[in-house]
Amino acid sequence: MNALFTQTPPRLGNQYRDDAFLRAYLRRVLPPEVLREIEPQLEELGRLAGGELYALGLEDRPNEPRLTQWDAWGNRVDRIALTPMWQRVAPLAAEHGLIAIPYEARHGRYSRLHQFAAVYLFHPSSDLYTCPLAMTDGAARTLLVAGNRALIERALPRLTSREPRRAWTSGQWMTETTGGSDVGRSETRAVPAEDGGWRLYGKKWFTSAVTSEMALTLARPEGSGPGGKNLALFYLETHAPDGRLNGIRIERLKDKLGTRKLPTAELLLEGARAEAVIGTRDGTRHIAPMLAITRTWNSVTAAAFMRRATALARAYAREREAFGAALERLPLHRETLAELETETRAASALALELVALIGRDEAGELDDAGRALLRLITPVAKLLTAKQAVACVSEAIEGFGGAGYIEDTGLPAILRDTQVLPIWEGTTNVLALDALLRADVDAGVAALQARVAEALRDAPAELAPAVAAATGALAHAAAWLPAARSEPPQLQAGARRFAFTLGRALEAALLIEHARAAGHDDGPAALAAARRLAQAPIDYIVESPADPSALLD
Ligand SMILES: Cc1cc2nc3c(=O)[nH]c(=O)nc-3n(C[C@H](O)[C@H](O)[C@H](O)COP(=O)(O)OP(=O)(O)OC[C@H]3O[C@@H](n4cnc5c(N)ncnc54)[C@H](O)[C@@H]3O)c2cc1C
């Protein structure tokens, strides 16, 4: 009787073992001895992600971080209590070396793939703890690139520590009320202090997670002119040695659509002690390595959310019946699930391609063309995977019918959390312009064409239409670029279509490359995904778009 009134919840297994694409991909690209060495960790993270952490996340659902600004005696304290889930996953992240792995670099060029395979498994069961991790990784990289020895010696061992009690995370405080995309308008002032350091005064409008031990931030040294060039990059620790906040007031925690486990605060800097990381100008340039890393985390976590949503939708479709059959047997629902699986694979392949390139760059193996490719696909992968993730997670939730809309299934939170991915670390438009207007875009496109040609070499004959779709779209984008340059507004207006086309063409090529690789047991699925993606929209270029003025003015 009871069974009539219940629905079977979707069950997750080991998220590494169940991920045929990820396993086949790693088997294809990693040397066997590297895979042998890292696989036990991936198994363990897959077990945790589909088991204990998934269950804990559901149980922890109603909890949110809490800010206490005053103690009982009228003292300003600005303390944040984290959720039980965050208290569980923070030490796990350190112990698993989610930041340490690429800095230890045990596997050379493959170290980044190792790290991000682990991140991909960890992320969907971490309640967005990957946000501070991303910024921590970005801060470590930025300090290394800047070459400030004192700060490297002070902070790097903490940022990359595997010991939970020693490990620090870092914030990235850029956005002000004047703008997140247009940070050149930042108003935070830096005033030289008698001790040789600096004091910062201003308001940071979005800071996640404010519980980090340090932050990298931008401020304008007193007397400097306007614009991004006149901002400097600063390092600060959030607490003084006596445990009090370092000239920082937490005004409030943001009341957000999603990412609610992540304490995002508005901060007042009231003389926060800080050190210049590298010189007193060009802050936006010096913080660029941080953004390159956080955008990569964004791409990987987008793909990871897609994998989680797809895994849940597929698991549910095996159990739930309608019209006398399990959902997964109904032809149209099968079509929907196949599309989710295809898009998840495409986004994963693109994100992992970016990761592999960073690994090679950090191992000193990229030539000029490789670096131009890396610079181009960093924004392209971020913007495309974020958009794919929102669409995919939304579709996956619809796959649960009404249950997908009900909070205590845990499903709505995935959609809300995913919705931040196209916004932070650069919106879709801002990144599309970043890709299009960079000085070395032509070199990047040429390198992309070479990479796509390599991926398509010796493609199976049955994938000939897919090969034609990928190469045709890319050629179209490459031809559009010089033609559009003669009309700058048209060029800007086409930036999204250009970036989507580059990204989709690369995704199509990467799925074909994956399908071609002989011997992996993902073969039939890989072929089907490559064929399907090529049947989906790839070429977004429009030669003569209708003028928006008639609609808007
Ligand atoms: C949950 C959350 C956490 C965050 N955490 C942090 C953090 O820790 N640190 C931090 O520094 N920031 C953080 N941010 C801020 C985030 O990075 C910014 O909100 C984002 O970069 C966009 O900036 P903005 O809000 O000023 O939007 P705007 O720049 O005002 O953008 C508004 C719209 O205009 C479009 N647009 C802007 N410029 C152009 C252009 N030239 N051409 C075409 N379209 C354009 C954008 O695409 C967007 O659609 C966080 C944001 C959120 C939501």
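This section describes the internal cavities of a predicted model and the strand pairing around strand S9.

Rolling a probe the size of a water molecule over the atoms shows where empty space is left. In the predicted model, three cavities of 30 Å³ or more were found. The largest cavity holds about 120 Å³ of space. Its lining comprises 13 residues, of which Thr130, Cys131, Ala134, Asn298 and Trp424 are the closest to the cavity centre. Two elements, helix H7 (130-146) and helix H10 (288-319), give two or more residues to the lining of this largest cavity. By class, the lining of the largest cavity consists of seven nonpolar residues, five polar residues and one charged residue.

The second largest cavity has a computed volume of about 70 Å³. The residues that line this second cavity are Gln15, Asp19, Tyr120, Leu121, Pro124, Ala304, Arg307 and Arg308. Helix H6 (111-122) and helix H10 each contribute at least two residues to the lining of the second largest cavity. The greatest contribution comes from H10, which supplies three residues. Helix H10 thus recurs in the description of both cavities, being listed among the elements that line the largest cavity and among those that line the second largest. The lining of the second largest cavity divides into four nonpolar residues, one polar residue and three charged residues. For the largest cavity, the corresponding division is seven nonpolar, five polar and one charged.

Strand pairing was examined with respect to strand S9 (residues 264-276), which pairs with strand S5 (residues 198-208). Strands S5 and S9 run antiparallel and are joined by nine bridges. Within this pair, Thr207 has Ala265 of S9 as its bridge partner.

Strand S8 (residues 248-253) also pairs with S9 in the antiparallel sense, here over five bridges. In S9, the residue opposite Ile248 is Leu269. A further antiparallel pairing links strand S7 (residues 232-237) to S9 through two bridges. Tyr235 is placed opposite Glu275 of S9. Strand S9 therefore meets the pairing criterion of at least two bridges with S5, with S8 and with S7. In a regular strand the side chains alternate between the two faces of the sheet.

Methods
Residues numbered from 1 in each chain as written. Predicted model: local features only at pLDDT ≥ 70, side-chain atom pairs only at ≥ 80, totals over all residues. Heavy atoms only, no water. 1 Å grid on protein atoms, 1.4 Å probe; cavity = no way out; pocket = protein on both sides within 12 Å on 5 of 7 lines; lining within 4 Å. Points joined across faces, edges and corners; volume = space filled by probe spheres on them. Helix = DSSP H or I, 4+ residues; strand = E, 2+ residues; numbered from the N terminus. Nonpolar A, V, L, I, M, F, W, Y, C, P; charged D, E, K, R; others polar.
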